[in-house]
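Hi,

Here is the structure I promised to pass on. Have a look at it first, and my notes follow underneath.

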Amino acid sequence: MSINGNLLQEANVNQMLLAFFATFLTLIGIVLVIAITLYILKGIGLMKMAKRGGIKNSWLAFVPVLSIYILGKVAFEDKIMLILLWGLKIFIYSSVVLAFFIRGDLIISILSMILSISQLASTTLSYYAIYKIYDKFSDRAVTMLVLDVLSCGLLEPIFLFAIRNNELRNETAQVA
């Protein structure tokens with residue numbers, strides 16, 4: 001009787017583990033499908049806007065790090081803002097890689113503090129760039145930015161895709 005009880009208990013544990021892993025893999029699959037869909041929507045939106053702006057190599061909107069360059073080119077006419085956005089992002093990526101290889105506690109602490117400050121500056125500048133794009137292609141830029149920030153950036157690909165075919169707004173009409 002005891003052997004049968006142990007076998008039943010072991011079978012139940014195996015079924016529970018199998019159900020857990022099936023649920024886990026299903027959730028991972030759903031998240032991957034959503035992430036890939038959002039990535040494609042953002043790439044299409046940025047690429048279309050870059051083509052309208054006459055930016056060469058607009059297909060770079062689909063390349064992970066280089067898409068930041070396209071986003072900056074669409075958002076800013078000023079080269080300094082583009083360089084600042086690009087520089088901050090590259091600094092953050094390289095600092096993370098550098099922190100992975102350095103083993104000193106003090107150096108890691110200082111690097112972590114610098115990385116946190118630059119991440120805050122980069123996030124702020126990224127949202128400003130997104131606002132500039134929303135403002136160029138939509139008359140609801142503030143609403144879109146607020147919703148984008150509240151969603152932690154999840155709505156950005158959807159908004160960029162939605163406004164990709166809008167006419168470029170005349171900046172003199174914005175002042176009047």
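A quick word on terms before the count: helices here are DSSP runs of H or I with at least four residues, strands are runs of E with at least two, and both are numbered from the N terminus. On that basis the chain has 7 helices and 0 strands, so the pattern along the sequence reads α-α-α-α-α-α-α. Do keep in mind that this is a predicted model.

Some overall numbers for you. The chain has 176 residues, and 29% of them are buried. About 11,900 Å² is exposed, with carbon and sulfur atoms supplying 72% of that area. As for contacts with a separation of 6 or more, 58% are between residues 24 or more positions apart.

Now for the part I'd look at on screen. There is a nonpolar surface patch of about 1,100 Å², and its members include Val 13, Leu 17, Phe 20, Phe 21, Phe 24, Leu 25 and Ile 28. Leu 32, Ile 36, Tyr 39 and Ile 40 are also among them. Phe 24 sits in helix α1, which covers residues 2-52.

Which residues form one aromatic cluster with Phe 24? They are Phe 20 and Phe 21. The count of aromatic pairs in the model comes to 4. Take Phe 20 and Phe 24: their ring centres are 6.3 Å apart and their planes are at 15°, so this pair is stacked. The cut-off behind that call is that centres must lie within 6.5 Å, and planes under 30 degrees apart count as stacked.

Why are these two separated by about one helical turn? Because Phe 20 and Phe 24 are 4 residues apart in helix α1. More generally, an α-helix has 3.6 residues a turn, so residues three or four places apart point the same way.

And are they buried, exposed or partly exposed? Phe 20 has a relative accessible area of 48%, which makes it partly exposed. Phe 24 is at 43%, so it counts as partly exposed too. The range for that label runs between under 20% for buried and over 50% for exposed.

Helix α2 (residues 67-75) is mostly covered, with 7 of its 9 residues buried. The buried ones are Ser 67, Ile 68, Ile 70, Leu 71, Gly 72, Val 74 and Ala 75.

One last thing to click on: Arg 164 lies over the face of Phe 161, 3.8 Å from the ring centre.

Cheers

Key: Residues are numbered from 1 along each chain as its sequence is written. This is a predicted model: local features need pLDDT of at least 70, side-chain atom pairs count only at pLDDT 80 or more; totals for chains, interfaces and linings use all residues. Side-chain values use heavy atoms; hydrogens and water are left out. Patches are made of residues with over 30% relative accessible area and no salt bridge: like charges are joined within 9 Å, nonpolar side chains (Val, Leu, Ile, Met, Phe, Trp, Tyr) within 5 Å. Accessible areas come from the Shrake-Rupley method with a 1.4 Å probe; for residues, only the protein chains shown count as cover. A salt bridge is a side-chain nitrogen of Lys or Arg within 4 Å of a carboxyl oxygen of Asp or Glu. Rings of Phe, Tyr and Trp (its six-membered ring) pair if their centres lie within 6.5 Å; planes under 30 degrees apart count as stacked, over 60 as edge-to-face and the rest as tilted. Buried means under 20% relative accessible area, exposed over 50%, partly exposed in between (1.4 Å probe, protein chains only). A charge sits over a ring if NZ of Lys or CZ of Arg is within 6 Å of the ring centre and within 35 degrees of the ring normal. Contact means heavy atoms within 4.5 Å.
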